[in-house]
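Subject: A structure for you to look through

Hi,

Here is the structure I said I would pass on. Open it up first, and then read my notes beside it.

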Amino acid sequence: MKIGFIGLGNMGAPMAVNLTAAGRSVTGFDINAACPPTLVPASSAIEAAKGCEVMITMLPDGAALHSVAMEVMPELQPGSVFLDCSTVDVASAVAAAEHATTYAVEFVDAPVSGGVVGAEKGTLTFMAGGSPGAFEKIQPLFGIMGARAVHCGVAGTGQVAKICNNMILGATMIATCEAFGLADRLGLDRQKMFDVVSSSSGYSWSMNVYCPAPSIGPESPSDHGYKPGFAADLMLKDLRLSQQAAAATGAATPMGALATEIYRAFVEEEQGTGVDFSGIIRKFTGQI
Ligand code: NAD
């Protein structure tokens, strides 16, 4: 199976390297980033796509996906799969899927959860949208780059699952952080707060696995000065995508809207850029 890989940034490079480490031949291209040495370098997206059975992309946004899809789709063999692992707006994923049908190419959107560490360790979770046949065909690649792949439905539903998950994550992280702020002011020891909440009905991934208070719970970015991890900027990106989708469908997401505004202010006005998204606790503990 000839694989092309476009977008060799923080996530794409280690994902592509894992494919080569598993014995796959991968041709790579990026407009900026260097091609890792285990890949065959291409001088353009079109060259990376020539003769590919699977084209994987890991790009910053819907505009980049649109531009790459327009360029490479005509170069792909009929019956091949275009697998986009980027996080993009639902409309861009659906548009790329429609474009793919013109060339008899199968489009699968499969955004990931697990961050750079998951990409390096090959433990990502993929949320995939596309035909069952295309999902089956690329299942072995998901097995190399990740620990789990969930087939969510037709093209676009992978992005839907991703933005819904991250809307919950953004809101629960803020709720967890503000509760720590309140507990501080009321004199409750942070470790006791964790001991109670992590085993009571307020528990969540944000509290139990990724505790925003340092030196409490499993090791997380709070123990390393909030070095990402999952940067607040990326959380803001995903929250904005959720709000774009909510506006397009008329869905009521007041908690998502408020979480978006709180992360916007953190990133744009409160030195939150480049900080892990759990660093938003500083806002509630008097550090900002
Ligand atoms: P990144 O900016 O490090 O990498 C993106 C790469 O795409 C860059 O190297 C850029 O040069 C390249 N690129 C952009 N336009 C291109 C084009 N037209 N042709 C070829 N290459 C092009 O970003 P990243 O952190 O690797 O994230 C990639 C995607 O994964 C994003 O959609 C992001 O939201 C998502 N994601 C990231 C994380 C994370 O923790 N970094 C976690 C989950 C999901």
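Below is what turned up, starting with the ligand and ending with a few odd spots in the backbone. One thing to keep in mind throughout: this is a predicted model.

**The ligand and its surroundings**

Start at the ligand, which has 24 residues around it. If you want to find the spot quickly, pick out Asn10, Met11, Asp30, Leu59 and Lys237, since these are the closest. What kind of residues make up this shell? Sorted by class, 13 are nonpolar, eight are polar and three are charged.

Next, try looking at the oxygen atoms of the ligand. A backbone N or O atom of Leu59 sits 2.8 Å from a ligand oxygen. For Thr87, a backbone N or O atom is 3.0 Å from an oxygen atom of the ligand, and for Pro60 the corresponding distance is 3.4 Å. How much of the ligand does the protein cover? On its own the ligand has 830 Å² of accessible area, and the protein covers 85% of that.

Three helices each give two or more residues to the shell: H3 (62–72), H5 (115–121) and H10 (232–249). Of the elements around the ligand, H3 gives the most, with three residues.

**Salt bridges**

The model has seven salt bridges by the rule used here. I'd look at helix H11 for a good example. Glu261 and Arg264 both belong to that helix and are three residues apart, about one turn. Their side chains form a salt bridge with an N to O distance of 2.9 Å. Arg264 also pairs with Glu269, this time at 3.0 Å from N to O.

Are the two glutamates buried or exposed? Glu261 has a relative accessibility of 38%, so it counts as partly exposed. Glu269 comes out at 51%, so it counts as exposed. These pairs belong to one network, in which salt bridges with shared partners join Arg240, Glu261, Arg264, Glu268 and Glu269.

Another salt bridge links the side chains of Arg190 and Asp184, at 2.7 Å from N to O. Arg190 is partly exposed, with 24% relative accessible area, and Asp184 is partly exposed too, at 30%.

**Two threonines to click on**

Thr285 makes a nice follow-up, as it touches both partners of that last salt bridge, Asp184 and Arg190, along with Gly181. You will find Thr285 in the segment after helix H11 (254–269). Where does its side chain reach? To the backbone oxygen of Ile281, at 3.0 Å.

Thr172 is in helix H7, which covers residues 157–186. The side chain of Thr172 reaches a backbone oxygen as well, that of Leu169, at 3.1 Å. Now compare sequence with space: Thr172 and Trp205 are 33 residues apart along the chain, while their C-alpha atoms are 8.4 Å apart. Leaving out neighbours within four places in sequence, Thr172 is in contact with Ser204 and Ser206. The relative accessible area of Thr172 is 27%, which means that this residue is partly exposed.

**Odd spots in the backbone**

Last, have a look at three places where the backbone angles are worth checking by eye.

- The peptide bond from Pro228 to Gly229 is cis, with omega near 15°. Gly229 lies in the loop between helix H9 (205–208) and H10.
- Tyr226 is in the loop between H9 and H10 as well. Its phi is near 65°, a positive value in a residue other than glycine. With a relative accessible area of 8%, Tyr226 is buried.
- Ala104 also has a positive phi without being a glycine, near 55°. This residue lies in the loop between helix H4 (90–102) and strand S6 (106–109). Is Ala104 buried or partly exposed? Its relative accessible area is 44%, so Ala104 is partly exposed.

That's the tour. If you get lost, go back to the ligand and start again from there.

Cheers

Notes:
Residues numbered from 1 in each chain as written. Predicted model: local features only at pLDDT ≥ 70, side-chain atom pairs only at ≥ 80, totals over all residues. Heavy atoms only, no water. Helix = DSSP H or I, 4+ residues; strand = E, 2+ residues; numbered from the N terminus. Polar contact = N/O pair within 3.5 Å; in protein donor to acceptor, adjacent residues only side chain to side chain. Contact = heavy atoms within 4.5 Å. Near = heavy atom within 4 Å. Areas by Shrake-Rupley, 256 points an atom, 1.4 Å probe, with all protein chains shown as cover. Nonpolar A, V, L, I, M, F, W, Y, C, P; charged D, E, K, R; others polar. Salt bridge = Lys/Arg side-chain N within 4 Å of Asp/Glu carboxyl O. Buried < 20%, exposed > 50% of the residue type's maximum accessible area, 1.4 Å probe, protein only.
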